[in-house]
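Trainee: Could we go through this one together, starting with the metal site and then moving on to how some of the helices pack?

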Amino acid sequence: MTNSGRIELKGVGISSGVAIGHVRLFHVSPLNVGESTVIEKNIDTEVERFRDAVAKTRQQIEELGKRVGERGEDEALTEVLTMHLLLLEDKMIYDRTITLIRNERYGAEYALSCVLKEVAERYAGLPDLFRERFKDVEDICRRIMDNLRGVHTQSLEHLEEESIIVAKDLAPSDTASMRRDKVLGFATEVGGKTSHTAILARALEIPAVVGVRGISNLVSENDLAIIDSEAGFVIIHPTSDDLREYREKQDLYNVRQSRLFEQSVFEPITLDGHVIELMANIEFASEVDTVTKYGAHGVGLYRTEYLFLNRRIAPSEDEQYEDYLKVAEKLAPEPVIIRTFDLGGDKFVHPLDAVTELNPFLGCRAIRFCLENQPLFRTQLRAILRAGKSKNIQILYPLISGCSELKAANDLLESLKDDLAREGVEFNRDISVGAMIEVPSAVIQARDLASDLDFFSIGTNDLIQYTLAVDRGNEKIAHLYQPLHPAVLRMIHSIVEVGRDYGIPVDVCGEMAGDPVCAVVLMSLGIERLSMAPHVIPTIRNIIRSVHIDQLTQFGSELLRMTTVENAKQFVVEQLSRLVPDHEDLSKGFNEFPVSAGK
Ligand code: PEP
Ligand code: MG
């Protein structure tokens with residue numbers, strides 16, 4: 001442990017709670033290495049060094065396989081490990097690296113990185129789903145590379161001690177593989193409040209701060225650290241006063257949570273008798289118990305793309321059917337809104353795609369990806385239609401940008417219904433279909449879309465990023481990501497009006513719905529259904545129970561007249577204490593939000 005002094009770093013708090021513990025640095029070693037050669041007489045030694053690294057990798061994978069087997073865990077993981085053992089012998093990797101060392105006199109690390117590039121080129125010509133397998137090749141090469149360099153390969157899945165993770169960046173898959181009992185909290189240099197890593201941190205209820213510049217160079221392995229996820233602070237080498245203060249804060253947080261939790265039995269009704277529906281966003285079927293625990297009125301957003309986590313091939317129709325049916329049956333008769341795969345953007349993007357797509361958030365993502373990969377989309381739609389027999393399932397298409405996309409998806413859905421009917425398979429022909437409204441063009445064409453839809457679900461995370469041209473995951477411009485921007489507020493309100501005119505429900509399932517201040521603003525604009533991370537439901541329910549819709553509506557119509565984000569924020573700050581008196585969560589929530597007051 002280092003003895004240097006106290007350091008306090010500011011970032012963006014993305015979940016709730018406080019974590020105190022020792023740091024584990026998580027880093028992914030680079031696979032690109034500079035050119036290096038060896039002299040003639042050292043070639044045999046270099047080949048031997050490579051062989052030793054492969055042998056060590058084999059031993060590590062076998063040991064890991066044994067541990068996984070003993071714990072009786074995760075068959076899929078065992079399968080992957082077996083595949084990795086086979087890859088170690090693959091001529092394309094093993095023999096080719098040795099050939100490059102011998103013929104070109106390359107250093108082992110450089111030879112291996114050249115081989116990886118060659119393999120990447122081969123995979124680049126294959127269909128997307130095959131290219132997913134390249135991840136295994138990359139994984140295995142990383143392990144060999146780490147052994148050549150003499151560093152330890154890390155995986156958050158197999159963390160043995162309770163730790164605070166510090167990393168430059170974490171992919172959503174790194175976050176999802178975290179074990180809640182081992183990862184006390186995490187801090188990263190990169191990321192924003194609505195990045196998918198942040199969404200997962202909230203789903204897993206892990207205290208976390210992102211956008212902490214320079215943190216990975218300021219901490220050392222095993223340093224003591226505090227993560228204050230609510231205020232967005234990280235303290236390294238805390239003093240004894242810090243430790244006392246934050247332990248108290250942890251206790252207070254736990255007391256507050258259990259108090260809110262006890263109130264889960266109450267209905268989310270305003271003081272003047274309006275019911276606001278509160279639904280849950282989930283990423284995994286296993287979260288279904290959390291949905292009930294926090295008293296959500298069903299699932300407003302099931303992000304099914306997380307089925308691709310830790311997988312090399314798409315889940316089969318039957319696997320998906322069982323997964324969807326399990327969630328639906330557990331929650332029946334409450335609604336379960338299943339969003340079709342929103343792959344791409346920052347989610348499960350293949351390293352090769354990241355190279356070929358300069359701007360993945362504007363690339364082949366979500367509905368575009370599904371319409372281009374019809375077999376994958378058909379399989380999912382069939383599974384949803386079949387699971388729809390439980391009657392509470394609804395379909396939601398992500399990233400609809402116009403009527404042609406909606407028509408293409410709906411036509412496919414209709415043809416699949418006919419197929420299922422012909423095959424005599426049970427399904428729901430009358431399944432409700434909704435579209436995510438998260439692209440400005442969809443807002444402008446909402447009336448054209450409405451006639452072919454049963455509901456709208458506003459995805460504010462993307463709607464804000466595409467409307468304001470601010471990358472939702474980029475901490476450098478987090479201050480420009482403005483949920484209270486007049487353009488955003490007016491867009492939301494215009495969708496509410498279209499919904500009313502066409503008699504279709506409008507919900508918000510972006511992170512704004514679970515933010516105390518924004519939830520009040522959304523209600524003031526006429527939103528009556530909010531979907532959010534399950535654990536924030538008690539806080540939002542509590543706020544709903546202390547407001548009058550009549551007052552909020554009046555406030556909303558004045559808010560819509562603001563022409564700058566600064567005026568809008570100031571107006572919200574001024575009015576909050578009147579609209580929601582004595583609400584500590586609310587004022588705190590506002591300061592926490594990335595658009596913090598007064599900026
Ligand atoms: C959104 O964009 O608001 C949304 C809910 O979808 P995701 O965060 O998965 O992109
Ligand atoms: Mg979205």
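Trainee: Which protein donors does the magnesium ion (ligand 2) have?
Mentor: Bearing in mind that this is a predicted model, the protein donors of the magnesium ion (ligand 2) are Glu438, through OE, and Asp462, through OD, and they lie 2.0 to 2.2 Å from the ion.

Trainee: And where in the chain do Glu438 and Asp462 sit?
Mentor: They come from distant parts of the chain, 24 residues apart: Glu438 is in the loop between strand 13 (432-437) and helix 17 (440-444), whereas Asp462 belongs to helix 19 (residues 460-468).

Trainee: Is Glu438 buried or exposed? And what about Asp462, buried or exposed?
Mentor: Glu438 has a relative accessible area of 2%, under the 20% cut-off, so it counts as buried. Asp462 is buried as well, with a relative accessibility of 3%.

Trainee: Switching to helices, at what angle do the axes of helix 15 and helix 16 cross?
Mentor: The axes of helix 15 (residues 374-387) and helix 16 (residues 403-423) cross at roughly 60°, coming within 10 Å, and that angle makes helix 15 oblique to helix 16. The crossing of helix 15 past helix 16 is right-handed.

Trainee: Which residues make the contact there?
Mentor: Helix 15 contributes Gln374, Phe377, Arg378, Leu381, Arg382, Leu385 and Arg386, while helix 16 contributes Ala409, Leu412, Leu413, Leu416, Lys417, Asp419, Leu420 and Glu423. Sorted by class, this contact of helix 15 with helix 16 has 8 nonpolar, 1 polar and 6 charged residues.

Trainee: How do helix 23 and helix 24 lie relative to each other, roughly parallel or roughly antiparallel?
Mentor: The axes of helix 23 (residues 549-559) and helix 24 come within 11 Å and cross at roughly 165°, and because that angle is over 145 degrees, the two helices are roughly antiparallel. Here, too, there is a right-handed crossing as helix 23 passes helix 24. The contact involves Gln551, Leu552, Phe555, Glu558 and Leu559 from helix 23, together with Ala568, Phe571, Val572, Gln575, Arg578 and Leu579 from helix 24, and its residues divide into 7 nonpolar, 2 polar and 2 charged.

Trainee: Ala568 caught my eye in that list; what does Ala568 touch?
Mentor: Leaving out residues up to four places away in sequence, Ala568 touches Leu484, Leu559 and Met562. Ala568 is placed in helix 24 (residues 565-579) and is buried, at 0% relative accessibility.

Trainee: How many residues along the chain separate Ala568 from His485?
Mentor: They are 83 residues apart along the chain, yet their C-alpha atoms are separated by 7.3 Å.

How values were computed: Residues numbered from 1 in each chain as written. Chains lettered and ligands numbered in written order. Predicted model: local features only at pLDDT ≥ 70, side-chain atom pairs only at ≥ 80, totals over all residues. Heavy atoms only, no water. Axes fitted to C-alpha atoms, helices over the stretch in contact; angles between N-to-C directions. Helix = DSSP H or I, 4+ residues; strand = E, 2+ residues; numbered from the N terminus. Parallel < 35°, antiparallel > 145°, perpendicular 65-115°, else oblique. Left-handed = near helix turned anticlockwise from the far one by under 90°. Contact = heavy atoms within 4.5 Å. Nonpolar A, V, L, I, M, F, W, Y, C, P; charged D, E, K, R; others polar. Donors = N, O, S within 2.8 Å, 3.2 Å for Na, K, Ca; no water. Buried < 20%, exposed > 50% of the residue type's maximum accessible area, 1.4 Å probe, protein only.
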